[in-house]
Amino acid sequence: MKPINDAKTALIIIDVQNGFQHPTHWGTARSTPECEKNIALLLQAAREHNKKQGEGAGAASNTVVVCHIHHHSIHKDSVLHPDAQVQINGKLVKAVQPQSFARPEPGEAVFIKNVNSSFIGTELEAYLKSQGVRQLIIVGLTTDHCVSTTTRMANNLRIVSTISSTGEVDEGDIILVGDACATFAKGGFDAETVHRVNLASLNEEFAQVINTQDVLSVAFA
């Protein structure tokens, strides 16, 4: 992990949508209760940094590239279908809309997907490469599905890697923020076990799993 002034960085926020607040659809037990608070802290840090840098968001600037990924299922019975609604605080809202703390601001990119990977059927790969991104900070929902798939593909697609004319590879950095993603109990395993096993599988193979406070103190120092 590098300071964001030393490596062009993108914050990838995956599927932080109203549908995941459904009280029963995903199960009643979820991991990482601090997930949303930590995502909000990282998003706030990126936005505050960008305001200090000014408006320019190209590869030559030090701004953080903020990318919001939203899932729009093609299956009509899905809670994340574009027609689905969920009740939050006594009010019906669109399930695919972002949760209030993660609403995109002007200038932040939004990509719509309908599979687990944020790179399939979207322009995310081309966009990140066009911005000269060398470091990803990945957060969101859910650890074992869309977060895991996106992290693995970011590594396999060499999204942040460069290859010199002599064939030398600079891998860049993929940071998965372990306490800023979450999942649900499944397969007879409790939610924290599912979450931790998936993080362990990704760590040092596809990404560096790091907690929010360390990202804030090192990357956003």
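Glu204 sits in the loop that runs between helix 4 and strand 10 (208–210). In this predicted model, Glu204 is a friendly place to start, as several of its features can be read at a glance. Its relative accessible area is 63%, which is over 50%, so Glu204 counts as exposed. The backbone of Glu204 also deserves a look, with a phi near 70 degrees, a positive value in a residue other than glycine. For background, most residues other than glycine have a negative phi, and most peptide bonds are trans.

Arg158 shares this backbone feature: although Arg158 is not a glycine, its phi is positive, at about 55 degrees. Arg158 follows helix 3 and belongs to the loop between helix 3 and strand 7. With a relative accessible area of 40%, Arg158 is partly exposed. A further backbone feature involves Leu141 and Thr142, which are joined by a cis peptide bond with an omega of about -10 degrees. Thr142 is located in the loop between strand 6 and helix 3.

Stepping back, the whole chain can be described with a few numbers. The secondary structure of the protein chain is made up of five helices and ten strands. A compact globule of 221 residues would have a radius of gyration near 17 Å, and the protein chain has 17 Å, so the two agree. Taken along the principal axes, the box filled by the C-alpha atoms is roughly 55 × 35 × 35 Å. Of the 221 residues, 49% count as buried. The surface that the protein chain exposes comes to about 10,600 Å², and carbon and sulfur atoms supply 50% of it. As for charge, there are 18 positive and 23 negative side chains, and the centres of the two sets lie 5 Å apart.

How do distant parts of the sequence meet? Among the contacts in the protein chain with a separation of 6 or more, 78% are between residues 24 or more positions apart. Helix 3 (143–156) offers a good illustration of packing. Its buried residues are Thr143, Asp144, Cys146, Val147, Ser148, Thr150, Thr151 and Ala154. These buried residues pack against several elements, including strand 1 (9–14), strand 5 (109–113), strand 9 (173–182) and helix 4. Strand 2 and strand 6 (135–141) are also among the partners of the buried residues of helix 3.

Strand 6 itself holds Gln135. The relative accessibility of Gln135 is 0%, and Gln135 therefore counts as buried. The side chain of Gln135 reaches the backbone nitrogen of Lys2 at 2.8 Å. Beyond its neighbours within four places in sequence, Gln135 is in contact with a long list of residues, among them Met1, Lys2, Ile4, Val160, Asp173 and Ile175.

Ser161 is found in the loop between helix 3 and strand 7 (162–163). Ser161 counts as buried because its relative accessibility is 17%, under the 20% cut-off. A polar contact links the side chain of Ser161 with the side chain of Glu171, at 3.2 Å. Leaving out residues up to four places away in sequence, Ser161 touches Arg134, Asp170 and Glu171.

Two further residues round out the tour. His81 lies in the loop between strand 2 (65–71) and strand 3 (85–88). With a relative accessible area of 10%, His81 is buried. Not counting residues up to four places away in sequence, His81 touches Ser73, Ile74, His75, Lys76 and Val96. His81 and Gln213 are 132 residues apart along the chain, and their C-alpha atoms are separated by 34 Å.

Glu192 has its place in helix 4 (residues 191–202). The relative accessible area of Glu192 is 29%, so this residue is partly exposed. Once neighbours within four places in sequence are set aside, Glu192 is in contact with Ser31, Thr32 and Pro33. By contrast, Glu192 and His68, which are 124 residues apart in sequence, have their C-alpha atoms 25 Å apart in space.

Conventions: Residues are numbered from 1 along each chain as its sequence is written. This is a predicted model: local features need pLDDT of at least 70, side-chain atom pairs count only at pLDDT 80 or more; totals for chains, interfaces and linings use all residues. Side-chain values use heavy atoms; hydrogens and water are left out. Helices (H or I, at least four residues) and strands (E, at least two) are DSSP runs, numbered from the N terminus. The radius of gyration is taken over C-alpha atoms; the globule rule is 2.2 Å times the number of residues to the power 0.38. Buried means under 20% relative accessible area, exposed over 50%, partly exposed in between (1.4 Å probe, protein chains only). Contact means heavy atoms within 4.5 Å. Accessible areas come from the Shrake-Rupley method with a 1.4 Å probe; for residues, only the protein chains shown count as cover. Lys and Arg count as positive and Asp and Glu as negative; His and the chain ends are not counted. The place of a charge is taken as NZ of Lys, CZ of Arg, CG of Asp or CD of Glu. A polar contact is a pair of N or O atoms within 3.5 Å; within protein, one must be able to donate a hydrogen and the other to accept it, and residues adjacent in sequence count only if both atoms are side-chain atoms.
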